[in-house]
Amino acid sequence: MDLDALTAARREEWARLDALSRTRRLSGPEVDELVTRYRAASADLAEAKTSAGRSAQSDHISTMLARARLRLTGTPENVMRQIPRFFALQLPAALYRVRWTTLAIAVGFVIVVTTVALWVSGDPALVASLGSRAQLEDYAENRFTDYYSENPAAVFAGTVWTNNAWIAAQCVLFGITGIWPLMVLVQNAVGVGTAAAVLAAFDRADVFVLFILPHGLLELTSIFVAGAAGLHIFWAWVAPGPRSRGAALAAAGRSLATIAIGLVFALGVSGLIEGFVTRQPWPWPLKIGIGAVALALFLVYMLVVGRRATRLGETGDLTEFESGTPTLVAG
């Protein structure tokens, strides 16, 4: 069969099908015509695929058919219904996908922090290179703890929230580089390890742990998740599988960028804990317990709710109505 001849013979019919599928409001006769032309174009696609395999013409027909099918069967989703679906299915499914990478990052982060802390604190020359003894002692005795109470609680909570949310968003959105998430994670690990070393050098390692844990449990986990999402996007570009790199990258970007939105809320909670709980003169078991409960709720959402959403077929990706009609190829 000559595809060029088929295209010339059917061009006007396909154009009419495309025009009907793009029409905002269809009358009864127009709906009937759309169905008729949809069936005819489907037969054209089958004939083209059988005789010539995949071609530019068959891709063009597939796209028109997909749009027409969506016009016949798809209806716009109510925004108020999309929001519950996002939090009940899309977001937890996306979080569940990166669970093992998140665990690997967490283990690596702890190893780097511990290595830096032991290395620096065990070498007086390295400690001295960080500043004068008076400056370091002031940091260990005063400035480290004063940091959490020198500003009003609401202002401090808002500041750390926006800062951490921006860091998480960068890890996800710039994850395609493969370098940015690792750079952010290593920088944070070295910073935490160095702070721990300074306080340990002045016998205040317990203060470091007690002031970090209440908010740090959820805050650091959120950063680990963001780094994992970014690396998954990078890997989709490196190893796309049977799909093209562009298709694999687009799917990973759509499904995992939702994590950046979800982490805004998780980091908001950790910011509230850092601003309103860490500074309080409450018993340490209570303050750390609040942080542990916040982390436990996040992990239940990520692992339990996420596993359930994944079993329902969710990947975190957008629906066809939200993302637009894809290019389909029959056969």
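In which element does Glu 47 have its place? The place of Glu 47 is in helix 2, where helices (H or I, at least four residues) are DSSP runs numbered from the N terminus. The structure is a predicted model, in which local features need pLDDT of at least 70 and side-chain atom pairs count only at pLDDT 80 or more, while totals for chains, interfaces and linings use all residues. Residues are numbered from 1 along each chain as its sequence is written, and side-chain values use heavy atoms, with hydrogens and water left out.

Glu 47 is partly exposed, with a relative accessible area of 38%; here buried means under 20% relative accessible area, exposed means over 50%, and partly exposed lies in between, with a 1.4 Å probe and protein chains only. The C-alpha atom of Glu 47 is separated by 40 Å from that of Ala 257, which is 210 residues away along the chain. Helix 2 itself has 25 residues, which at 1.5 Å a residue should span 36 Å, and its end C-alpha atoms are indeed 36 Å apart, in agreement with that value; the expected span of a helix is taken as 1.5 Å times one less than its number of residues. The buried residues of helix 2 are Leu 34, Ala 41, Asp 44, Leu 45 and Ala 48, and these pack against helix 1 (3-22) and helix 3. Just after helix 2, Gly 53 takes a positive phi of about 70°.

Two packed helices are described by the angle between their axes and the distance between the axes. For helix 2 (residues 28-52) and helix 3 (residues 56-73), the packing angle is about 150° and the axes are 10 Å apart, the axes being lines fitted to C-alpha atoms, for helices over the stretch in contact, and the angles running from 0 to 180 degrees between N-to-C directions. Helix 2 and helix 3 are therefore roughly antiparallel to each other, given that angles under 35 degrees count as roughly parallel, over 145 as roughly antiparallel, 65 to 115 as roughly perpendicular and the rest as oblique. Their crossing is left-handed, a term used if the near helix is turned anticlockwise from the far one by less than a right angle. On the helix 2 side, the residues that meet helix 3 include Leu 34, Tyr 38, Ala 41, Leu 45 and Lys 49, and among their partners in helix 3 are Ile 61, Leu 65, Ala 68, Arg 69 and Leu 72; contact means heavy atoms within 4.5 Å.

Further along the chain, Gly 122 is found in the loop between helix 5 (99-121) and helix 6. Gly 122 is exposed, with a relative accessible area of 59%, and its C-alpha atom is separated by 32 Å from that of Val 277, 155 residues apart along the chain.

The 14 residues of helix 7 (residues 133-146) should span 20 Å at 1.5 Å a residue, and the end C-alpha atoms, at 19 Å apart, agree with this. Helix 7 nevertheless contains a kink of about 50°, centred on Tyr 139, the bend at a residue being the angle between axes fitted to the seven residues ending there and the seven starting there. Leu 136, Ala 140, Phe 144 and Thr 145 are buried in helix 7, and its buried residues pack against helix 6 (124-129), helix 9 (180-201) and helix 10 (205-238). Ala 140 is 63 residues from Asp 203 in sequence, and the two are 9.0 Å apart in space, C-alpha to C-alpha. Asp 203 lies in the loop between helix 9 and helix 10, has a positive phi of about 55° although it is not a glycine, and counts as exposed at 70% relative accessibility.

Helix 8, with 21 residues, reaches 30 Å from its first C-alpha to its last, close to the 30 Å expected at 1.5 Å a residue. Its buried residues, including Phe 156, Val 160, Ile 167 and Cys 171, pack against helix 9, helix 10 and helix 11 (245-276). Asn 164, which is found in helix 8 (residues 153-173), is buried with a relative accessible area of 9%; leaving aside its neighbours within four places in sequence, Asn 164 is in contact with Glu 219, Ile 223 and Leu 267. In the loop between helix 8 and helix 9 is Gly 178, which is buried with a relative accessible area of 11%. Gly 178 and Gly 230 are 52 residues apart in sequence and 7.4 Å apart in space, C-alpha to C-alpha, and, neighbours within four places in sequence aside, Gly 178 is in contact with Leu 231 and Phe 234.

Notes. Helix = DSSP H or I, 4+ residues; strand = E, 2+ residues; numbered from the N terminus.
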